[in-house]
Amino acid sequence: MQKINKNVVLALLSLTSLVFLLFQLYYYKFYLSQKNGAVFSKVRGSQSGQDSTRWHVVRKFLGLISSHNIPVYLIDPLILGLVDKDIEQIRSSPDGPSPECKYFCAPRDFTTFALLDKTWKHEVGLFRTAEKMGFQWLKIINKDPRLDGMDDLSGVEIPLHYIFKLASHAIHLVVFYERSGNYLWHGPLRLKQHMDRKFVPFRKLHFGRYPGAYEKPELLLVSIDDLKVQIPKNPSSFLEEMLHSRFLECRYREARAFFQLYPDDASLDAVEFRKKAKSLLHLAALTLNNLGVKFWLSSGTCLGWYRQCNVIPHSKDVDLGVFIKDYKADIIPAFQKAGLPLKHKFGKVEDSLELSFQGEDDVKLDIFFFYEEDDHIWNGGTQAKSGKKFKYLFPKFTLCWTEFVELKVHVPCETRQYVEANYGPDWKVPVKTWDWKSSPSNVQYNGVWPVNEWDDVIQIY
Amino acid sequence: MDEWKPNPAIKPHKKRSWYLAWKYKLMNQRALRKLCQTGAVLFLLVTVIVNIKLILDTRRAAYEEEEESAQDYDDEMLNVEVPRHPVSNKKVLDVEVYSSRSKVYVAVDGTTVLEDEAREQGRGIHVIVLNQATGHVMAKRVFDTYSPHEDEAMVLFLNMVARGRILIFTIKDEGSFHLKDTAKNVLKSLGSQVAPFLSWRDMWTFVGKKGGEVYGEKHAKSPALSTWGDPVLLKTEVHLTSVEDAECRWPDTELNRRRKRFCSKVEGYGSVCSCKDPTPIEFNPDPLKDNKVFDVPVAVIAGNRPNYLYRMLRSLLSAQGVNPQMITVFIDGYYEEPMDVVELFGLSGIQHTPISIKNARVSQHYKASLTATFNLFPDAKFAVVLEEDLDISVDFFSFLSQSIHLLEEDESLYCVSAWNDQGYEHTAEDPSLLYRVETMPGLGWVLRKGLYKDELEPKWPTPEKLWDWDMWMRMPEQRKGRECIIPDISRSYHFGIVGLNMNGYFHEAYFKKHKFNTVPNVQLKNVESLRKDAYEAEIHRLLGEAEVLDHSKNPCEDSFVPDTEGRVYVMFIRMEQEADFTTWTQLAKCLHIWDLDVRGNHKGLWRLFRKKNHFLVVGVPASPYSSKKPSSVTPIYIEPPAKEEGAVAVPAVAAAEQT
């Protein structure tokens, strides 16, 4: 009897393991299909069906939002990229029927649209209609950054992103807010604990990893793939802007802590200086932006932003950084035209260039030009009376947008390293006496200008 | 497999070769079998291993994917566990109510919902309203029925409470002195047996359902006039009803959902929560043609006066040309009920942690609210500033729309305000008339962003300075000689009776008789003549046509102004220098207009109406318009009344400086 049992048991076990194996395979397949619908459907060979699904979902979504009078515009980088190739044709025949589904059928997981907050009242009716149409939706809300800088205000959280899912395709609706400084801002996408992490593959979203800052776009109503949709008038410049749109919020909480330790200077002089520095910065930004010269807050102005979200009242000047590759000979005449005469010019384009302009009442605008090396970036300084050269080294950095005194400006994304390179680890402690030749912790002696070049590299007006 | 078994019946030694062959075969098969078995076991092992690996792989993949997909997107404050209130299915509430001379308290299920043992306050009848389904406190009021008229307020309140709510009453100190029969009858109708006989210094507690059963009542009579009744403690049980029974059956719309949320939380708002025919919470007033203030943000500054806020928002949302999207209510403190009111109307509200105390707290709240307003609406050039105790005229936005361009274009203007300090029932007449005044009236006004951002915000009084923000704004350092535009008939009405600088007497004397425009779509006249230079020309024209009144008569008498209509009259008062307001103050006093400080003046000139005639007052010789005085006329001088003994030194000094 034992032997029979043994065999039966063996057979049974084999059978079970086989069933188990099959189950595992099924599970794996099921899991795959859930995670990545496109891949799975490719396996099934229903590519064309998928294509038209995307188009249908977009069409349904556009119908939904137009029935609620919500003006959205397309910001999907993939589709805009395709559109950009044919932009002339699309512009010239805005109503032409398209022979094939060229854009909205392109393989992708999402279609991204933008919504201007103030053009919509956030009516709940939209979501009810969406549900009736078969959409599943997710709303991502968070703190209102426009109130973040304020002491102890608690506003309602504002919607930053919406995701509408239908079948295997999803619409990502990014909410843009207008902020002080005449620009548009969108928030980061952060999931709260109770949220469904698998609602869509969030990693593949084009917007939301970081907050972003954009200019207000000019829009164009076009008809592509038989769908009428608004797109940025110049898709390629929008796509370019998107690549460098990362936004840093000022560190308001740290700034408040700073002011608790070192109360703000509220004297009339400080108020006046801040006002002047602000208008000088606004003027400088306008001038440089008109020339298309990219610049960022540097030195003391950058420290002021990073440490206290404001101009440091005892800093006495405004400092900007510009990459030497962005240098334009028009800079000096443009500033002069704007009412800011050149005060001094040190160095030359090839080496240690630095410009100073005279703002009103002794407030000076310094523009430092930065030179990129393989492993670091530096700018130069020159002592007028001795012709001595100095070099200030910084670790490599990229540029991010931020808001400062009601202006959208660049700062180094790696601000802390930048500030620390310049001011050392004790940057949090205000220092009133500062010697630009010796105080910075990143200064290096860099020789002396040859005397015969002095007339060129040391110009004082 | 049976045949493979050795058969005991077979004799092995007989058919030996067959047996051997068979045995060999058997052995062979055994080997085969062993082989099969081993193979099966091996196969089993392999599948098990493969399976385990598969499971692990998929698990890990799933886990990683999950980690990955969410990693960058996780909220930093993930670990804040949302507190979950256990859904209590309890059907009975234990209620404890205590009444005594110096202390009252109410506890519901062991939670104290009212406790007042502060001295010198909280006298009268305390009323608490509980939701009959949840037991939540919906309203808490105290009516000082020792004082007159408070019982009327209590009756009003009790009538507004919906049927079925649970009412808890308790007396602190004294609650019967001015408790009239009407009020006693209302209490009786609620089921109280003691109320009709409540008398001086009795202690009393009562718990009952409006329009239903009584859960308990206790009473302690005061034995003598000079003593209080013994403290009473009432302990009783209240049976809760189901949520469905406690709610009205309104049609399921977005508006009604808001209404439902509101009405299940708070009480005392009357018909907004009545089941039959509730009052609307959306108003859809006519839009304004060419509305220049449609995109101007409106900041409503509020504290913890939710009933005021309710009334204010109703009038604001009913004003023609209102844009609800631009309205933000700023609440000073984390009060729930004002926020409930804001949500009822579908507006956005922001709460502000109180900073500092008294005036400084208000002033800090203003600063935060204004800064936030310009942050939230970065495009805005202006902001409308309102307070929670104002009624807003139906043509408020029309008035602003017609005048706001002046604020943009005329540098000599400080604000446009809807309030005329001197616009009382008997001194204001023309809804289409505007003035320029040197004082900042507030109470519904427009602020220019540039003024705020460049001048006011950077030097706004810091929290340790106990200044009124409006007084500060009126100081010459801030105002810098600029003026405000105001209407003759105010476009706002100040109804607040309780407030930081407000009480019933003060309100009655200075605010109650204020004129308030109720005419829609008033077309303002000569708006352009309000510009700096044009206004001077206008004043000279007016003075040119004005008839000089008889200066021998008493200006306080009604007969001072002839019984005419639509004429322009002028009088001259003595005003030695710019800051000499002695006669003006006395004149203002006898005319029953604002006399607490100087308001509504423009270069020593005041404009108002008397008996439907335009009435101009010129201070001579300080005013530049003094030249209009005929040489025969002697400016009127009114002696201030003699100072009372022991009068406060400061006003005396101030008066001395003025003369």
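**Exercise 1. Two helices side by side**

In this predicted model, α6(B) and α7(B) are roughly parallel to each other; work out why, and say which residues make the contact.

*Solution.* Start by finding the two helices. Helix α6 covers residues 306-318 of chain B, and helix α7 covers residues 336-344 of chain B.

Next, look at how their axes meet. They come within 8 Å and cross at roughly 20 degrees. Angles under 35 degrees count as roughly parallel, so α6(B) and α7(B) get that label. The crossing of this pair is right-handed.

Now pick out the residues that touch. On the α6(B) side you'll find P306(B), L309(B), Y310(B) and L313(B). On the α7(B) side they are E337(B), P338(B), V341(B), V342(B) and L344(B). Sort this contact by class and you get eight nonpolar residues, one charged and no polar.

**Exercise 2. Another partner for α7(B)**

Describe how helix α5 of chain B crosses α7(B), and sort the residues of their contact by class.

*Solution.* Helix α5 of chain B spans residues 254-263. Its axis and that of α7(B) come within 9 Å, and the crossing is at roughly 165 degrees.

What does that angle tell you about direction? Angles over 145 degrees count as roughly antiparallel, so that's the word for α5(B) and α7(B). As for handedness, this crossing is left-handed.

From α5(B), the residues involved are R258(B), R259(B) and F262(B). From α7(B), they are D340(B), V341(B), E343(B) and L344(B). The tally by class is three nonpolar, four charged and no polar residues.

Put the two exercises together: V341(B) and L344(B) belong to the contact with α6(B), and V341(B) and L344(B) also turn up in the contact with α5(B).

**Exercise 3. Unusual backbone spots**

Find out what stands out in the backbone at S352(A), at N526(B) and at the bond from V620(B) to P621(B).

*Solution.* First, the background: most residues other than glycine have a negative phi, and most peptide bonds are trans.

Take S352(A). Its phi is near 55 degrees, which is positive, and the residue isn't a glycine. You'll see S352(A) in strand β14 of chain A, residues 351-358. Is S352(A) buried or exposed? With a relative accessible area of 0%, S352(A) is buried, since the cut-off for buried is under 20%.

Now N526(B). This one isn't a glycine either, and its phi is positive, about 50 degrees. N526(B) sits in a loop of chain B, between α13 (504-510) and α14 (532-545). Its relative accessible area is 47%, so N526(B) is partly exposed.

Last, the peptide bond. Going from V620(B) to P621(B), the bond is cis, and omega is near 5 degrees. P621(B) belongs to strand β24 of chain B, residues 613-621.

**Exercise 4. Three residues in their surroundings**

Place H169(A), T112(A) and T182(B) in the structure, and decide how accessible each residue is.

*Solution.* H169(A) is in strand β6 of chain A, residues 169-179. A relative accessible area of 1% makes H169(A) buried. Leaving out residues up to four places away in sequence, H169(A) touches R54(A), V57(A), V58(A), R108(A), D109(A), F110(A), T111(A) and F164(A). How far is H169(A) from G387(A) in space? Their C-alpha atoms are 65 Å apart, and 218 residues separate them in sequence.

T112(A) is part of strand β2 of chain A, residues 110-116. T112(A) counts as buried because its relative accessibility is 0%. Setting aside neighbours within four places in sequence, the contacts of T112(A) include L74(A), I75(A), D76(A), H172(A) and V174(A). H206(A) and F207(A) are in contact with T112(A) too.

T182(B) lies in helix α3 of chain B, residues 181-189. At 54% relative accessibility, T182(B) is exposed; the cut-off here is over 50%. T182(B) and A162(B) are 20 residues apart along the chain, and their C-alpha atoms are 19 Å apart.

**Exercise 5. Chain B as a whole**

Sum up chain B by its helices and strands, its buried share, its contacts and its exposed area.

*Solution.* Count the elements and you get 16 helices and 24 strands. Chain B has 659 residues, and 51% of them are buried.

For contacts, consider pairs at least 6 apart in sequence: 70% of these join residues at least 24 apart. Finally, chain B exposes about 32400 Å², of which carbon and sulfur atoms supply 54%.

Conventions: Residues are numbered from 1 along each chain as its sequence is written. Chains are lettered from A and ligands numbered from 1 in the order in which they are written. This is a predicted model: local features need pLDDT of at least 70, side-chain atom pairs count only at pLDDT 80 or more; totals for chains, interfaces and linings use all residues. Side-chain values use heavy atoms; hydrogens and water are left out. Axes are lines fitted to C-alpha atoms, for helices over the stretch in contact, and angles run from 0 to 180 degrees between N-to-C directions. Helices (H or I, at least four residues) and strands (E, at least two) are DSSP runs, numbered from the N terminus. Angles under 35 degrees count as roughly parallel, over 145 as roughly antiparallel, 65 to 115 as roughly perpendicular and the rest as oblique. A crossing is left-handed if the near helix is turned anticlockwise from the far one by less than a right angle, and right-handed if clockwise. Contact means heavy atoms within 4.5 Å. Ala, Val, Leu, Ile, Met, Phe, Trp, Tyr, Cys and Pro count as nonpolar, Asp, Glu, Lys and Arg as charged, and the others, Gly among them, as polar. Buried means under 20% relative accessible area, exposed over 50%, partly exposed in between (1.4 Å probe, protein chains only). Accessible areas come from the Shrake-Rupley method with a 1.4 Å probe; for residues, only the protein chains shown count as cover.
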